[in-house]
Amino acid sequence: MQTGIKAKKTVAGIALLTRKPHQYSSGRRTKAWHYIVAALLVLLYLLPIYVMLNLSFREITDIGSRLALPKKWVTYNYTQVLGGSEIWIGFVNSIIIVMETVAVQIVASALGAYGLVRGGGWISRALGSLNMGIMMIPGTVLLVGTYSLMAKVHMINNLLGLSLLSAAGGIPATMYMYMNFIAAIPRALDEAAEIDGAGVLKTFFIIILPLLKAVTVTQIILTATASWNNYLMPMYLLTKKSKYTIILVIKQAFNSNNGLGNLPQACATCVLGLLPVIVLYLFLQRYIIEGQIGSSIK
Amino acid sequence: MRSRKYVYYCLTIPALLLMAAFIALPLGNSVRLSFYKWNGYSQHMRWVGLNNFIKIASDQYFLRTVGNTLIYGIGSTILQNVTGLMAALFLNKRFAGRNSVRVILYMPIMISGFIMGQILYYFVQYDGGVFNEILQMFGGQNVYWMGTGLSATAIITLVNSWQYMGISMLIYLAGLQNIPVMYREAARLDGAGVWKEFTNVTLPLLIPAITTAVILNLIGGLKLYDVIVSMSNGGPNRASMSLSFYISVLYFNDAKAGYSSALGIVTFLIIMVLSWGTSAWLHKKEVEY
């Protein structure tokens with residue numbers, strides 16, 4: 001089956017990337033210019049983070065150079081933000097939305113993909129192509145249709161409504177990933193379980209799901225970061241401050257008094273709001289990078 | 001077994017229900033609303049047939065916005081693929097610390113595009129912006145980076161490409177590592193130089209990776225929204241809007257919900273035609289090995 005071959009190719013790609021460096025590197029000797037280019041690249045990519053950190057440790061009256069270090073180092077921007085309630089509300093709401101979205105999206109996609117691959121026949125093929133078509137629709141195209149419907153059924157300022165909406169938007173792509181991986185699992189495994197008297201659900205949870213551990217981990221990470229960083233729909237659907245996600249809290253910190261507000265404090269909010277994602281990324285970067293490659297090589 | 005087959009189909013019900021409720025229904029609703037004149041909140045709606053679609057043709061912002069969307073889409077695609085391939089070729093060489101460089105180059109992707117735009121806004125500001133500070137260090141004059149629609153569009157394209165370059169880089173790294181070493185060795189034995197080896201061996205074998213990266217970047221660039229909000233908010237004078245941005249402005253600021261829906265459908269058609277066309281063209285160029 002076509003999808004089976006594709007999935008195997010993906011797995012091979014991951015295996016190659018995680019191999020030890022000396023097995024595939026093309027360069028024979030390290031030259032000085034490698035380090036110069038590498039240093040410039042790192043500088044280019046860390047400069048915005050440096051500027052933000054730098055601004056977050058200064059006093060509000062310190063409006064001098066944004067590249068030079070603060071005239072006087074202060075940490076009260078951080079203690080003030082952490083002492084307030086906004087950032088905690090943002091964290092709690094974002095965590096609720098991420099957990100709801102991940103749970104719904106992963107379970108619905110994995111079950112659906114299993115059903116489609118094993119069910120077979122024209123129904124599966126039709127649903128599979130429908131899935132591909134839906135993946136192409138950008139969110140903004142549906143903006144008016146979605147927002148007016150959500151308003152009609154009173155899902156404004158409703159965290160669960162937003163979670164279901166983003167889970168539904170993510171299902172086509174996640175289901176497609178699962179379909180590729182499930183197609184590569186031999187049917188003989190299902191048949192053996194069936195002979196032993198296991199029903200479809202039991203076969204899925206006990207036999208198939210453990211084999212999908214790697215793809216599930218990466219899909220959870222991708223879904224969680226997408227949901228954490230989501231801006232468009234939360235911006236319009238969550239209007240009450242008590243429902244703000246962390247991204248909206250950061251936006252509010254920057255926009256207070258038309259951007260003439262407390263820039264150092266806004267930067268501190270931003271650093272704190274980004275910290276969980278960055279820390280998780282540094283710990284899980286192997287899975288994240290593999291997941292990115294796996295989900296993009298089709 | 002027949003009954004088992006039906007159980008399999010039943011497993012797809014949760015996913016199908018969610019997609020029906022949150023994708024199909026809104027889509028139908030959008031199509032329906034595109035035939036009405038409606039301000040987005042009142043009870044009063046008026047059927048205007050295809051009038052909204054006809055009005056798009058004479059909209060003073062439409063052509064400019066399509067042009068900007070194409071700059072965001074095609075510009076980001078070219079920039080991200082060229083720089084991503086260069087970064088991948090460079091980071092495929094062996095040197096100490098290259099894994100850390102990869103991790104750092106991919107890091108901006110984990111950060112919300114909206115927040116990244118907000119941070120970079122403090123780079124392009126006229127007064128005290130980091131870019132102007134650097135210019136002054138070398139004795140230059142302050143520049144209005146976001147002064148015209150074209151410069152704002154160009155800078156947003158650059159920022160978007162800078163932030164998401166890591167995706168293309170990873171796709172190309174995986175692609176490079178999937179090329180069997182023997183092809184390159186054979187080319188070298190035949191006396192090919194570095195450039196010939198790249199254009200005649202590496203590049204043709206990378207076409208599957210190129211297809212993936214180009215399509216991903218193209219779709220991402222064509223529906224660009226977040227970065228525009230935080231860097232220029234569509235300005236100056238609505239001259240750096242993308243189609244996605246214009247749709248939301250029409251709905252939430254101008255109270256033209258019906259017209260906004262119609263523009264949404266036109267946007268969908270534009271994005272679909274461009275990405276399918278590009279995808280089909282690239283798939284034809286793939287080589288078997």
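**Close-up views of a predicted two-chain model**

**View 1. Helix α7 of chain A crosses helix α2 of chain B with a left-handed turn.** The model shown here and in the other views is predicted. Helix α2 of chain B covers residues 13–33, and its axis comes within 9 Å of the axis of α7(A). The two axes cross at roughly 120°. That angle makes α7(A) oblique to α2(B). Chain A supplies A:G161, A:L164, A:L165, A:A168, A:G169, A:I171, A:P172 and A:M175 to the contact. Chain B supplies B:A15, B:L18, B:M19, B:F22 and B:I23. By class, eleven of these contact residues are nonpolar and two are polar. None is charged.

**View 2. Helix α6 of chain A meets helix α13 of chain B.** The axes of α6(A) and α13(B) come within 10 Å. They cross at roughly 40°. The two helices are therefore oblique to each other. On the chain A side, the residues in the contact are A:L143, A:V144, A:Y147 and A:S148. Facing them in α13(B) are B:I247, B:S248, B:Y251 and B:F252. Six nonpolar and two polar residues make up this contact of α6(A) with α13(B), with no charged residue.

**View 3. Within chain B, helices α13 and α14 pack at an angle of about 165°.** Helix α13 spans residues 243–252 and helix α14 spans residues 257–284. Their axes lie 8 Å apart. The angle is over 145°, so α13(B) counts as roughly antiparallel to α14(B). Their crossing is left-handed. From α13(B), the contact draws on B:L243, B:Y246, B:I247, B:L250 and B:Y251. From α14(B) come B:A257, B:Y259, B:S260, B:L263, B:G264, B:T267 and B:I270. The class count is nine nonpolar, three polar and no charged residues. Two of the α13(B) residues, B:I247 and B:Y251, also meet α6(A).

**View 4. B:T65 sits in helix α4 of chain B.** This helix runs over residues 62–91. Is B:T65 buried or exposed? Its relative accessibility is 0%, so B:T65 counts as buried. Leaving aside neighbours within four places in sequence, B:T65 is in contact with B:M241, B:S242, B:L243 and B:Y246. Among these partners, B:L243 and B:Y246 also take part in the contact of α13(B) with α14(B).

**View 5. B:N132 belongs to helix α7 of chain B, residues 130–137.** B:N132 has a relative accessible area of 1% and is buried. Which residues does B:N132 touch, not counting those up to four places away in sequence? They are B:Q125, B:Y126, B:N142, B:V143 and B:W145.

**View 6. A:H154 has a positive phi although it is not a glycine.** The value is about 60°. A:H154 lies in the loop of chain A between α6 (143–152) and α7 (159–183). The residue is exposed, with a relative accessible area of 66%. Of the two helices bordering the loop, α6(A) meets α13(B), while α7(A) makes contact with α2(B).

**View 7. B:N233 is a residue other than glycine with a positive phi.** Its phi is near 50°. Where is B:N233 found? It is in the loop between α12 (226–231) and α13 of chain B. B:N233 is exposed, and its relative accessible area is 54%.

**View 8. B:G191 occupies the loop between α9 and α10 of chain B.** Helix α9 covers 181–189, and helix α10 covers 194–205. B:G191 is exposed at a relative accessible area of 60%. B:G191 and B:I156 are 35 residues apart in sequence. In space, 44 Å separates them, C-alpha to C-alpha.

**View 9. Chain A has 13 helices and zero strands.** Chain A has 298 residues, and 51% of them count as buried. Take the chain A contacts between residues at least 6 apart in sequence: 70% join residues at least 24 apart. The accessible surface of chain A comes to about 14,000 Å². Carbon and sulfur atoms account for 68% of that surface.

Definitions and conventions:
Residues are numbered from 1 along each chain as its sequence is written. Chains are lettered from A and ligands numbered from 1 in the order in which they are written. This is a predicted model: local features need pLDDT of at least 70, side-chain atom pairs count only at pLDDT 80 or more; totals for chains, interfaces and linings use all residues. Side-chain values use heavy atoms; hydrogens and water are left out. Helices (H or I, at least four residues) and strands (E, at least two) are DSSP runs, numbered from the N terminus. Buried means under 20% relative accessible area, exposed over 50%, partly exposed in between (1.4 Å probe, protein chains only). Contact means heavy atoms within 4.5 Å. Accessible areas come from the Shrake-Rupley method with a 1.4 Å probe; for residues, only the protein chains shown count as cover. Axes are lines fitted to C-alpha atoms, for helices over the stretch in contact, and angles run from 0 to 180 degrees between N-to-C directions. Angles under 35 degrees count as roughly parallel, over 145 as roughly antiparallel, 65 to 115 as roughly perpendicular and the rest as oblique. A crossing is left-handed if the near helix is turned anticlockwise from the far one by less than a right angle, and right-handed if clockwise. Ala, Val, Leu, Ile, Met, Phe, Trp, Tyr, Cys and Pro count as nonpolar, Asp, Glu, Lys and Arg as charged, and the others, Gly among them, as polar.
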